[in-house]
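Hi,

Here is the structure I promised to pass on. Please have a look at it first, and my notes follow underneath.

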Amino acid sequence: MLNTKKEEPAMNDLCKKEDVRLLVHEFYAAVRKDSILGPIFNDVAQVDWDAHLPIMVTFWESLLLKTDRYRRNALEPHLKLFKEIAFRQEMMDRWLMNFDATMDSHFQGETAEKAKDWARGIAHNLQRQIRKQGGLQIKEPGG
Ligand code: HEM
């Protein structure tokens with residue numbers, strides 16, 4: 001008997017720079033359209049996307065492809081942002097939801113899973129630092 005079941009083409013894992021570039025660009029395309037995150041990135045932080053996207057490619061390449069080229073302070077822009085607006089859990093939940101969805105629609109494998117775990121771990125650390133900093137917030141003179 002003929003096997004009529006169509007084989008789905010297996011999805012690849014992330015293994016090269018173009019993969020990371022695709023992930024990052026697709027992820028931030030989703031973030032920009034997200035009803036919660038879009039206004040934060042576009043209107044509050046007024047992100048210069050031409051500058052931000054290459055930084056994010058370097059960041060994820062560093063972790064996933066072990067290039068070790070990211071040498072910046074990832075915490076700082078978040079602390080700055082969450083002095084301007086209050087941090088809400090749903091913001092981070094949305095970030096992670098978009099990240100997982102982007103990953104799952106393009107890649108599958110060990111590195112893809114590791115990336116989602118890393119994102120959660122980093123999100124957890126960022127939240128901890130944001131809350132800690134928020135608790136110690138000092139008002140700017142005249143602010
Ligand atoms: C509530 C969730 C988050 C929000 C609203 C947020 C927002 C931002 C903003 C506004 C910037 C500055 C962009 C610019 O002006 O260039 C930034 C930078 C960055 N974010 Fe996030 N972020 C979130 C979560 C995360 C998570 C979970 C990660 C990592 C897994 C992450 C990694 C980074 C990195 C690496 C940078 C670049 C820092 C630098 O080198 O300048 N963010 N983020």
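**How H1 packs**

The axes of H1 and H3 cross at roughly 130 degrees and come within 9 Å of each other. That angle makes H1 oblique to H3, and the crossing is right-handed. Before you read further, please keep in mind that this is a predicted model.

If you would like to find this contact on screen, look on the H1 side for Lys 17, Val 20, Arg 21, Leu 23, Val 24, His 25 and Tyr 28. They meet Leu 53, Met 56, Val 57, Trp 60, Glu 61 and Leu 64 of H3. By class, the residues of this contact are nine nonpolar, one polar and three charged.

H1, which covers residues 17-33, also packs against H5, at an angle of about 135 degrees and with the axes 9 Å apart. Here too the angle makes the pair oblique, and H1 passes H5 in a right-handed crossing. From H1, the contact uses Leu 22, Leu 23, Glu 26, Phe 27, Ala 30 and Val 31. H5 brings Asn 98, Phe 99, Thr 102, Met 103 and His 106. Seven of the residues in the contact of H1 with H5 are nonpolar, three are polar and one is charged. Leu 23 is listed in the contact with H3 and also in the one with H5.

**A buried aspartate in H1**

Asp 19 may catch your eye. It sits in helix H1 and counts as buried, because it has 20 C-beta neighbours inside 10 Å. Which residues does Asp 19 touch, leaving aside its neighbours within four places in sequence? They are Leu 14 and Phe 107. His 106 is 87 residues away from Asp 19 along the chain, yet their C-alpha atoms are separated by 8.9 Å.

**The chain as a whole**

The protein chain has six helices and zero strands, so its pattern along the sequence reads α-α-α-α-α-α. Of its 143 residues, 14% are buried. If you take the contacts between residues at least 6 apart in sequence, 75% of them join residues at least 24 apart.

**Around the ligand**

How many residues surround the ligand? There are 21, and the closest are Ala 45, Arg 72, Pro 77, Met 91 and Ile 122. Several helices share the job of forming this shell: H2 (37-44), H3 (49-64), H4 (75-84), H5 (89-106) and H6 (110-135) each supply at least two residues. The shell is made up of 18 nonpolar, two polar and one charged residues.

**Two spots in the loop between H3 and H4**

Finally, two residues have backbone angles you might like to check. Lys 66 lies in the loop between H3 and H4, and its phi is near 55 degrees, a positive value in a residue other than glycine. Asp 68 belongs to the loop between H3 and H4 as well, and has a positive phi of about 60 degrees although it is not a glycine.

Are these two buried or exposed? Lys 66 counts as exposed because it has 8 C-beta neighbours inside 10 Å. Asp 68 is exposed too, with 9 other C-beta atoms within 10 Å.

Best wishes

Conventions. Residues numbered from 1 in each chain as written. Predicted model: local features only at pLDDT ≥ 70, side-chain atom pairs only at ≥ 80, totals over all residues. Near = placed C-beta within 6 Å. Helix = DSSP H or I, 4+ residues; strand = E, 2+ residues; numbered from the N terminus. Nonpolar A, V, L, I, M, F, W, Y, C, P; charged D, E, K, R; others polar. Axes fitted to C-alpha atoms, helices over the stretch in contact; angles between N-to-C directions. Parallel < 35°, antiparallel > 145°, perpendicular 65-115°, else oblique. Left-handed = near helix turned anticlockwise from the far one by under 90°. Contact = placed C-beta atoms within 7 Å. Buried ≥ 20, exposed ≤ 12 C-beta atoms within 10 Å, placed from the backbone.
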